[in-house]
Amino acid sequence: VPGSGSDADWDGFVLSAGGRLAQTTPWSRVKAATGWSAERVEIWRDGVLVAGAQLVHRKLPALGSLAYLDGGPVVEGPAEAEAVVEAIQGLCRRLQVRALVVEPPLGAEHAIGAMQARGFTRSQVKTALAATITVDLAQPEDQMLARMRSSTRQNIRKGERAGTVVRKGDRQDLAVVGELLEATAARQG
């Protein structure tokens, strides 16, 4: 079923299912600013959203449409995996997608199995960073530090000694973040 719930329904489902940021409505807005469009498929059972996927897609000259599914599909259980994969294929046909790249979330074995059963193939090509970590910020700081490598803890302490201050940013800080990203990209070549 093409997305039939509200953005709040979808984002609540993604959050409750432990989904990635790339499956949320705010991320679709970020991608829209770079020329991508987002579409969702949702699987509802008895008035409850149980599975879905948000694809971003764009038309490329001479290639047709390309779609990317990062962190999806979001599936609560194996029963929904088949239905959501079928819905993804239907959406790709409707959008005339020539290539779909999927970066499934960790623990998505049911969805991966359903995709392979419907003709999807694994690729060794990595399209996104494979270094995502989740940190529970509600835990005490000493527990967070204890889980880090000793070199990371040393770098944090070195930064503290050098007077580094960490604070919550706002819109006015976006230019600084952009400059930092640009400098990092230049340094990395």
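How far does helix 6 (residues 150-161) reach from its first C-alpha to its last, and what span is expected at 1.5 Å a residue? In this predicted model, helix 6 comprises 12 residues and extends over 16 Å between its terminal C-alpha atoms, which is close to the 16 Å expected for that rise. Just after the end of helix 6, Gly163 adopts a positive phi of about 90 degrees.

With regard to overall architecture, the protein chain contains seven helices and five strands, and these elements succeed one another along the sequence in the pattern α-α-β-β-β-β-α-β-α-α-α-α. The C-alpha trace spans about 55 × 40 × 35 Å along its principal axes. The protein chain has 189 residues, of which 31% count as buried, and among its contacts with a separation of 6 or more, 61% are made by residues 24 or more positions apart. Confidence in the prediction, expressed as pLDDT, averages 87 over the protein chain, and 93% of the residues score at least 70. When the elements are ranked by mean pLDDT, strand 1 (residues 37-45) has the highest value, 94, whereas helix 7 (residues 174-188) has the lowest, 87.

Aromatic pairing was examined next. A pair of aromatic rings is described by the distance of the centres and the angle of the planes. The count comes to one aromatic pair, formed by Trp10 and Phe13, whose ring centres are 5.8 Å apart and whose planes enclose an angle of 50 degrees, an arrangement classed as tilted. Both residues belong to helix 1 (residues 7-16), where a spacing of three residues places them about one turn of the helix apart. Trp10 and Phe13 are both buried.

One of the residues in contact with Trp10 is Gln54, which is located in strand 2 (residues 48-60). Gln54 has a relative accessibility of 2% and therefore counts as buried, the cut-off being under 20%. Apart from its neighbours within four places in sequence, Gln54 is in contact with a set of residues that includes Ala22, Gln23, Thr24, Thr25 and Ser28, together with Ala38, Glu39 and Arg40, and also Tyr68 and Leu69. The side chain of Gln54 additionally reaches the backbone oxygen of Ala22 at a distance of 3.3 Å. Between Gln54 and Glu42, which are separated by 12 residues in sequence, the C-alpha to C-alpha distance is 8.8 Å.

Charged side chains were then considered. Side chains of opposite charge can pair when their charged atoms come close. The structure holds eight salt bridges, among them one between the side chains of Asp7 and Arg29, with an N to O distance of 3.6 Å. Because Asp7 lies in helix 1 and Arg29 in helix 2 (residues 25-32), this pair ties together parts that are 22 residues apart in sequence. The two partners fall into separate accessibility classes: Asp7, at 35% relative accessibility, counts as partly exposed, while Arg29, at 52%, counts as exposed.

A further salt bridge connects Arg94 with Glu39, the closest N and O atoms lying 2.9 Å apart. Since Arg94 is part of helix 3 (residues 78-95) and Glu39 part of strand 1, the pair links parts that are 55 residues apart in sequence. Glu39, which is also among the residues in contact with Gln54, has a relative accessible area of 25% and so counts as partly exposed.

Which residue forms a salt bridge with Arg167, and how far apart are the closest N and O atoms? The partner is Asp173, and the closest N and O atoms are 2.9 Å apart; the two side chains are likewise joined by a polar contact of 2.9 Å. Asp173 is situated in the loop between helix 6 and helix 7. The accessibilities of the partners stand in contrast, given that Arg167 is exposed, with a relative accessible area of 58%, whereas Asp173 is buried, with a relative accessible area of 17%. Beyond these individual pairs, salt bridges that share partners join Asp7, Arg29, Arg40 and Glu42 into one network.

Terms used: Residues numbered from 1 in each chain as written. Predicted model: local features only at pLDDT ≥ 70, side-chain atom pairs only at ≥ 80, totals over all residues. Heavy atoms only, no water. pLDDT = per-residue confidence, 0-100. Helix = DSSP H or I, 4+ residues; strand = E, 2+ residues; numbered from the N terminus. Phe/Tyr/Trp six-rings, centres within 6.5 Å; stacked < 30°, edge-to-face > 60°. Buried < 20%, exposed > 50% of the residue type's maximum accessible area, 1.4 Å probe, protein only. Expected span 1.5 Å × (residues − 1). Polar contact = N/O pair within 3.5 Å; in protein donor to acceptor, adjacent residues only side chain to side chain. Salt bridge = Lys/Arg side-chain N within 4 Å of Asp/Glu carboxyl O. Contact = heavy atoms within 4.5 Å.
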